[in-house]
Amino acid sequence: IWVGTANGLQRFDGRKFIQFSTSKAGSERMPDARVYQVIPADSGKLLLAYTGTREFGLFDPSFFTYRKIEVEVKSAIPAGAAYFVWRDANGGLYLNVSGLGILQFNKQANTFVQNDPFPMPRGWKNSLCGIYEDVHKKQVWIGTDSGLCIYDWRSKSMWTRHNNPERLAVLNNPLLNQQISTLYIDREKKIWLFGPANSLGNRQMKLCLDSSGNNA
């Protein structure tokens, strides 16, 4: 079991924890910093997120080597931005940056790039970890500061309350015209949505909708 800790990457073998670092020729040095996320990547590698120091890298458990991942953006990353790495069902890797958007991992260049893999409506900003992939329907649900977005892999289009070609009830639900920070669809197809309290005095949003998205 690979574990991210305050003291770096460690592996539990059933009896004890072993801390890992890299000093081999041809390998970059792993940071002596907190590992916030450990995400499986291609070829058995592990993507390590040192979000406190804004560093990301690939660790190879077979050869104990590490390679830093560069982050290329078109505009400056906001001061104090938070980060969240996630993986889709096809193995694609993405980096959510609060206040900036969603970056996609380019394996050939070993870089997270700002290429708008999920085109958001103008002025809408995705939440940090409000992501859910509906593998069966081939959709990615994204929570934003302005409501719910659903990216449809088949049509390669983003659906919102302003663009709802399938007339999905969940997108027309006025209760969702607000910030959504977390969302999830359980095994009974119930839709769970949460949003923070805001400066207008509104209480934290906590909704459980049926599979159609109609009933709270």
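The second largest cavity in this predicted model has a volume of about 30 Å³. Its lining consists of Leu-148, Arg-161, Val-170, Leu-171, Leu-176 and Asn-177. The count of cavities of 30 Å³ or more comes to two, and the structure also holds 17 aromatic pairs.

**Cavities**

- By class, four nonpolar residues, one polar and one charged residue line the second largest cavity.
- The largest cavity encloses about 40 Å³ of space.
- Asn-7, Gly-8, Leu-9, Gln-19, Phe-20, Ser-21, Met-30, Pro-31, Asp-32 and Tyr-50 make up the lining of the largest cavity.
- That lining of the largest cavity divides into five nonpolar, four polar and one charged residues.

**Aromatic contacts**

- Among the 17 aromatic pairs is that of Phe-12 and Phe-17, with 4.8 Å from centre to centre and 40 degrees between the planes.
- The Phe-12 and Phe-17 pair is classed as tilted because planes under 30 degrees apart count as stacked and those over 60 as edge-to-face, while the angle here is 40 degrees.
- Phe-12 has 29% relative accessibility and therefore counts as partly exposed.
- Phe-17, at 49% relative accessibility, is likewise partly exposed, since the exposed class begins over 50%.
- One aromatic cluster is formed by Trp-86, Tyr-94, Phe-118, Tyr-151 and Trp-153.

**Charge over a ring**

- Arg-34 is placed over the face of Tyr-36, at 5.8 Å from the ring centre.

Key:
Residues are numbered from 1 along each chain as its sequence is written. This is a predicted model: local features need pLDDT of at least 70, side-chain atom pairs count only at pLDDT 80 or more; totals for chains, interfaces and linings use all residues. Side-chain values use heavy atoms; hydrogens and water are left out. Rings of Phe, Tyr and Trp (its six-membered ring) pair if their centres lie within 6.5 Å; planes under 30 degrees apart count as stacked, over 60 as edge-to-face and the rest as tilted. Buried means under 20% relative accessible area, exposed over 50%, partly exposed in between (1.4 Å probe, protein chains only). A charge sits over a ring if NZ of Lys or CZ of Arg is within 6 Å of the ring centre and within 35 degrees of the ring normal. On a 1 Å grid over the protein atoms alone, a cavity is a set of points where a 1.4 Å probe fits but cannot get out, and a pocket is an open set with protein on both sides within 12 Å along at least five of seven lines; lining residues have an atom within 4 Å of a point. Grid points are joined across faces, edges and corners, and a volume is the space filled by probe spheres set on the points. Ala, Val, Leu, Ile, Met, Phe, Trp, Tyr, Cys and Pro count as nonpolar, Asp, Glu, Lys and Arg as charged, and the others, Gly among them, as polar.
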